[in-house]
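Let's take a walk through a protein model together. We will look at its hollow spaces, then at its domains, and finally at a few unusual spots along the backbone.

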Amino acid sequence: MAAVLMGLGGYLPPKVVSNEDLSATLDTTDEWISTRTGIRQRHTVIDGLATGDLAVEAGAKALKSAGHSVIDAVVVATTSPDRLCPAVAPEVAERLGLGTVAAFDLTSACSGFVYGLATAAGLIASEAADTVLFIGAEAFTTLVNPADRTTSPIFGDGAGAVVLRRGEPEEPGALGPFDLGSDGSRADLLAIPAGGSRQRSANGGPGHDAVPTEDWYLRMMGRPLYQQAVERMTRSADTALKKAGWTVDDVDWFVGHQANVRIVRAVAEELAMPEERTAVNIDRVGNTLAASIPLLLNDLAADGALRPGARVLLSAFGAGLSWGSTVLEWPDLSVESVH
Ligand code: COA
């Protein structure tokens, strides 16, 4: 038994922020951002639009792509939920008209999509579900200090969704094997200190006073994170390939999490993956965390670059630290462009 991909959709909020737009208010330039990160623009939420709204749009597209409206479970991977409690997935399920199905969120930052695929495959393997709608959705720009030039150019908002069904491991679209890992000793490399129980229980109990403003925003140590990303993604991708009995030559598309084009290129180089088989869309969307891989798959499929039968390697790395990789043969899907 395997979890098989049967639908794919994505959504980007309408507001586009270019590097030039950013450099009007930040001490930065289009030249610095595009050469250091590969990013030229990103989409961002405004006017109260939230992660759940993006998830509903992407979920509807994935259901349409699958031609399927009976779903047993909805999982949303997000590190920028609408609120601390409750999870956004039950509301997304209800808004999509899916009824009182199993629904929950999972948090694994930029590796959320690969962790979520493994979780959805587990729901199918345990017979808790025959079909799962799994959505990676983020409005992470709301957690980034707009005055911080080291973090604010990097992130973008958006959502990508897949429908998975029970099937056979030999079928096109069957997911796996997976490689997943983490290193909690480096949690400080990318963190938002305030808003959780550690901050709330400090100084004698729940309190909201005297929390420095910057603690509500993302803190990132770019350099060490960059090194970890290259090392961990390379090793994880290699492990997933070995588990699948594939070599790099078997891979038609390397679809790596889009945190920085230099990270993607460095991992590809370590794996000996040619540039023309290494997928990139960070120039258009920035780093969209759990939405990054499905939005990239959506772009490749909608452009006709990703064809049925293509062998795909997915690999991601993010805060936690956490990382994961998996493989699949691309099925025949109908996918609409998000642009
Ligand atoms: N515009 C102009 N200058 C900037 C800048 C910006 N937006 N951001 C930083 N700088 C400056 C720094 O102040 C520094 O100046 P200095 O040399 O005078 O001190 C210089 O540029 C180099 O900064 P550094 O942070 O060393 O640059 P970098 O080449 O490491 O690139 C990142 C920074 C963040 C793009 C890069 O480290 C990165 O991508 N890291 C991984 C991030 C990541 O993956 N995050 C998500 C986790 S999945």
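## Pockets, a cavity and some odd bonds

The second largest pocket has a volume of about 620 Å³. It is a good place to begin, but keep in mind that this is a predicted model. The pocket is lined by 27 residues, and those nearest its centre are Ile154, Met220, Gly222, Tyr226 and Asn260. Four elements give two or more residues to this lining: α2 (30–37), α7 (222–244), α8 (261–271) and β12. Of these, α7 supplies the largest share, with six residues.

Where does the second largest pocket lie? Domain 1 (2–167) and domain 2 (179–185 + 218–329) both contribute lining residues, so this pocket lies between them.

The largest pocket holds about 960 Å³ of space. Its lining has 34 residues, and the closest to the centre are Thr79, Pro81, Thr107, Leu143 and Ile192. This pocket, too, lies between domain 1 and domain 2, because both domains give residues to its lining.

Now for an enclosed space. The structure holds one cavity of 30 Å³ or more, and about 50 Å³ of space lies in the largest cavity. Leu5, Phe113, Leu117, Val162, Leu175, Leu297, Leu314, Leu328 and Trp330 form its lining. Since domain 1 and domain 2 both give residues to that lining, the cavity also lies between them.

Here are the three spaces with the make-up of their linings:

| Space | Nonpolar residues | Polar residues | Charged residues |
|---|---|---|---|
| Largest pocket | 19 | 10 | five |
| Second largest pocket | 15 | eight | four |
| Largest cavity | nine | no | no |

### The two domains

The domain assignment gives the chain domain 1 (2–167) and domain 2 (179–185 + 218–329). Taken over C-alpha atoms, their centres are 17 Å apart. How many residues of each domain are in contact with the other? The count is 43 residues in domain 1 and 37 residues in domain 2.

### Unusual spots in the backbone

Look next at the loop between β4 (73–77) and α4 (89–95), where Pro86 is found. A cis peptide bond joins Cys85 to Pro86, with omega about 0°. A cis peptide bond also joins Gly320 and Leu321, where omega is about -10°. Leu321 sits in the loop between β12 (311–318) and β13 (322–329).

Two residues that are not glycines have a positive phi. Glu127 has a phi of about 65° and belongs to the loop between α5 (112–125) and β6 (131–138). Leu289 has a phi of about 50° and is placed in the loop between α9 (282–285) and α10 (292–302).

Is Glu127 buried or exposed? Its relative accessible area is 59%, so Glu127 is exposed, the cut-off being over 50%. Leu289 has 2% relative accessibility, and because buried means under 20%, Leu289 counts as buried.

### A look at the cysteines

How many disulfides does a search of the whole structure find? The search finds zero. A disulfide is a covalent bond between the sulfur atoms of two cysteines. Cys85, which we met at the cis bond to Pro86, is exposed with a relative accessible area of 62%. Cys110, in contrast, counts as buried at 8% relative accessibility.

Terms used:
Residues numbered from 1 in each chain as written. Predicted model: local features only at pLDDT ≥ 70, side-chain atom pairs only at ≥ 80, totals over all residues. Heavy atoms only, no water. Buried < 20%, exposed > 50% of the residue type's maximum accessible area, 1.4 Å probe, protein only. 1 Å grid on protein atoms, 1.4 Å probe; cavity = no way out; pocket = protein on both sides within 12 Å on 5 of 7 lines; lining within 4 Å. Points joined across faces, edges and corners; volume = space filled by probe spheres on them. Nonpolar A, V, L, I, M, F, W, Y, C, P; charged D, E, K, R; others polar. Domains from an automatic or database assignment. Disulfide = S-S within 2.5 Å. Contact = heavy atoms within 4.5 Å.
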